[in-house]
Structure formats: C-alpha cells, structure tokens
Amino acid sequence: MNVTTLPKPPRVGLVSLGCPKNLVDSERIMTKLRSDGYDMSPDYAGADVVLVNTCGFLDSAKEESLEAIGEAIAENGRVVVTGCMGKEADVIRNRFPDVLAITGAHEYEQVVGAVHEAAPMPANAFLNLVPEGGLKLTPRHYSYLKISEGCNHRCAFCIIPHLRGDLVSRRPDAILREAEKLVAAGTKELLVISQDTSAYGVDIRHKAFPLKSGGEVRAHMTDLSRELGKLGAWVRLHYVYPYPHVDNVIPLMAEGLVLPYLDIPFQHASPDVLRRMRRPANDAKVLQRIRSWREQVPDLAIRSSFVVGFPGETDQDFAYLLAWLEEAQLDRVGAFKFEPVEGAPATSMEDQVPADLKQERYEAVMALSARISAEKLAAKVGSTLDVLIDAVDAETGGATGRSKADAPEIDGEVHLRDAGGLRPGEIVSVRVEDADEHDLYGVPFETMAS
Ligand code: SF4
C-alpha cells in the first residue's frame, strides 16, 4: 500500500501588543493565515516565523514594541513586524536590521504576503485548498490584475466613485507578488485593470516600496508596468486616461515589456461634450499624441469606448466625433447610447437627446468604426503575428486565439485552421490569410512557446 506523507505546514508565532483594535487586527491576520493552511505556534522555539503586531500610541508603548521585537529576534530570529509602528520602519530597521519585513496597521494583504514569503507553504495538492495563484474565474493562461479601487474623478454620467469611493492604490510590491504567483501558475497574459490606471499611486504619493529582489519600485503606472514586463508574460493595460505621463509607457511597448495596446476610454471627442461630461485628461492635442505614439510603436492597437446621445450633444458635436474617429483610426471601438443612471448628475441635465436620435448616432459610430476596423485588419493579411491560443476545437482541428491587439472578451479573435496539437495557453506564430470586420483568419506555422 502506498502511503502519502503530508508535509507539515509552517508554524507562525504571534506577539500582539496594544489596544483591542490591534487585537482584532491580529485575529484577522491569524484567521487568514490559518485558512491559508498555516499552524500556530504557542512558543518561539516551534515557530518558523514570528509576527509582532506593534503599538505606537505612546512613547512607552513604542519602547515596549521595540523590546518585543528584540526578544523575538533573540529567541527565534525570523521576525515580521506589523501594526502602528510600521509607520516608523526606519527606527525598527536601525535597531533590528535582521527584521524580515515591516508593514503598517491594517495592511492585511501585505503582512500575510510577508509571512508567505518568510515561511512558504509547501506545494501539496492535499494540503492546499487554493492554488498558488488564487481561485480564478478566467482560464489559467490569462488573469486580471487589479491595481487599485475607486476613482478620484466625478464624471457626470458615472456613479462608481459614489459606490466605491475615492482612489485607493494597492502597494506595487503586493501587486508584483500576486503577478509572480499568477505567472508561476501558468498565466501567459496579465490584464492590468482599475477604474483609472494612469492615476495609479496618486493617493499614496507614488511612494517607493522595496522589492525582495533588491532595489525598489514606485507606485506609478510606468514603474509598475516596467516591473510587470520583466515577468515574461504579456502585459496589457486597460482603462488608461491620456494624462501626459502615459507618453512614458510607449517606450516600454517599443522595448517589448508591455503589449503595444492601450485601452483608453475617450467617451467623446467634442471639447464641449467632454467638458460637460467632466472627463479627466480632456486633452485637445490627443490626436497629435496618438500620431507620436504610433511613430514610436507602429503596431500600437488603441481600443476605446464612446457615449453617444449625452445630454446636450448637438449635431455639430456629433459631426466632430465622427471626423475625430476618422482621423484617429482607432483599432477597436465600442459605442454606447447614453443611459440615465440614478444618482448621476447627467441624469437630471437639460437637453436630453431623444431615443431615436441616439440610435441613429449609435449606428453611425458603429458603421464607421466597423469600416475602419475592417480596413486595418485587411492590412494585416499576409503578415505574421504572435497568437495566444484560447481554445482548441478537437472536432474541426481548428483553434481560436488572440493577437497582441486583442484583449479577451472585448476585442476580436484570430481563428486558426489546422491547429493540430496546440493547447490553450500556447503562443504560436500565425500567418494571416483573411480578415473581416472584427476577426482574423490564419494558419500557425511555428510554435513559439508553450
Ligand atoms: S467614468 Fe469617470 S468617475 Fe467613473 S470611474 Fe471612470 S474616471 Fe472615474
């Protein structure tokens, strides 16, 4: 009889100081670690790592916290510090340079991540209820990576800030840790999402955080994108507003660190409509900038969405939008008819556009963007593209995938014939044979990576 011996899970010791609020934080952290499979240790000797949850309310409490850290270092040596004294990381590091990690109060994700790093769970299918990369609703080969929550803008048609609050950015080191795990678990494409990716880090003043590999990373879209690009997966940026610093991610695309793809929700082009929409980064020179981006990265694909029939949108505004779209030659365009939403300022604006006019304008935008898309895709016939395989059809022997210009669910697809032997998640080189308004058709001729 074969007997499987289960590896022992790591054990965590805890020293919790301070007030009941700190105690509740300790309980939350330990509950999460327990659900991740960790055991608790009642003493220093049996712990693989000791967590000290500090208090910094008074000088005497700070001194008590420092003494507790010193004792844990002396008795065990592997110490993670969290709690109020996390704000005074320099004081702790000066006195105890061997501390493994320091996180602040309520930084649950970070402190749990630090314990995972200090005492990794052994990979074991019998012990780990949740795979390394977390539970996913997407296929294994692509993953959404949320970098912030909420939004500081107040667009007139949107209630997201009301529902989710102002921008709260995640720490870049925690995002990178999550991304590394996803890539290790088989993710080939990281889709960076947020309400406003270009504003990432504004709330934490683009602070720099240490990386475990050495050096540091700033909480800033460009810096985070560069680090994500080093992980070896495709990195696709969504919901990027055209703030001036967006120009700095274009060289990362030229270097191949980030996919040549920008999802910019322009929503309109007419300066009057954009002003009434209260849109961020309402830049009159955006067409010029798009031209400059394409000079640097000729295969850059730009996707955007537009709202037609916003209150007060005149025939001139709409004509401006159509002319702008013709000039911008965006690769992918989604259009929406303005819909009043309870609680959004635009709902009670005067000059609501009649439904039949909205429909007419919607159809005009869709027809124009379908024509532009068909022309752009036709120009790819005969070229060779890298395609990430999403699905294989055993019956027909074909497969469906996406090029670097196609985000899952929202953009087009590449349909392959003769895809024998391919598997989802593989990246293959494909010769494009045909195109229609949205999709490409081709044949693989070389497996690039598995
Ligand atoms: S539409 Fe405007 S307010 Fe709403 S999430 Fe986007 S940027 Fe923020």
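**An acidic surface patch, a parallel sheet and an enclosed strand**

On the surface, a patch of negative charge brings together Glu 64, Glu 67, Glu 71 and Glu 75. The model described here is a predicted one. Of the residues in this patch, Glu 71 can be placed within helix H2, which covers residues 59–75. The relative accessible area of Glu 71 is 43%, and because buried means under 20% and exposed over 50%, Glu 71 is classed as partly exposed.

It helps to set this patch against the protein as a whole. The chain has 450 residues, of which 49% count as buried. Its secondary structure comprises twelve helices and 20 strands, and the C-alpha trace extends over about 75 × 60 × 35 Å along the principal axes.

Turning to the strands, five of them make up an open sheet with parallel pairing, in the order E2-E1-E3-E4-E5. Its edges are formed by strand E2 (39–41) and strand E5 (101–102), each of which pairs on one side only. At the E5 edge, the neighbour is strand E4, residues 79–83, and the two run parallel, joined by two bridges. One residue pair can be named here: Val 80 has Ala 101 in E5 as its bridge partner.

A second region of interest centres on strand E17, residues 398–402. Five of its five residues are buried, so the strand is largely enclosed by the rest of the structure. In a regular strand the side chains alternate between the two faces of the sheet. For E17, one side carries Gly 398, Thr 400 and Arg 402, and the other carries Ala 399 and Gly 401; with all of these buried, both faces are covered.

The pairing partners of E17 complete the picture. Strands of a sheet pair through backbone hydrogen bonds, either parallel or antiparallel. Strand E16 (residues 384–393) pairs with E17 in the antiparallel sense, over five bridges, and within this pairing Val 392 is matched with Ala 399 of E17. A hairpin is formed by E16 and E17, with four residues between the two strands. In its turn, Gly 397 adopts a positive phi of about 80°. E17 also pairs with strand E18 (residues 414–416), again in the antiparallel sense, here over three bridges. In this pairing, Val 414 of E18 stands opposite Gly 401. Thus Ala 399 and Gly 401, which lie on one side of E17, take part in the pairing with E16 and with E18, respectively.

Technical notes. Residues numbered from 1 in each chain as written. Predicted model: local features only at pLDDT ≥ 70, side-chain atom pairs only at ≥ 80, totals over all residues. Heavy atoms only, no water. Patch = residues over 30% accessible without salt bridge, like charges linked within 9 Å, V, L, I, M, F, W, Y side chains within 5 Å. Areas by Shrake-Rupley, 256 points an atom, 1.4 Å probe, with all protein chains shown as cover. Salt bridge = Lys/Arg side-chain N within 4 Å of Asp/Glu carboxyl O. Lys, Arg positive; Asp, Glu negative; His and termini not counted. Charge placed at Lys NZ, Arg CZ, Asp CG, Glu CD. Buried < 20%, exposed > 50% of the residue type's maximum accessible area, 1.4 Å probe, protein only. Pairing = 2+ DSSP bridges.
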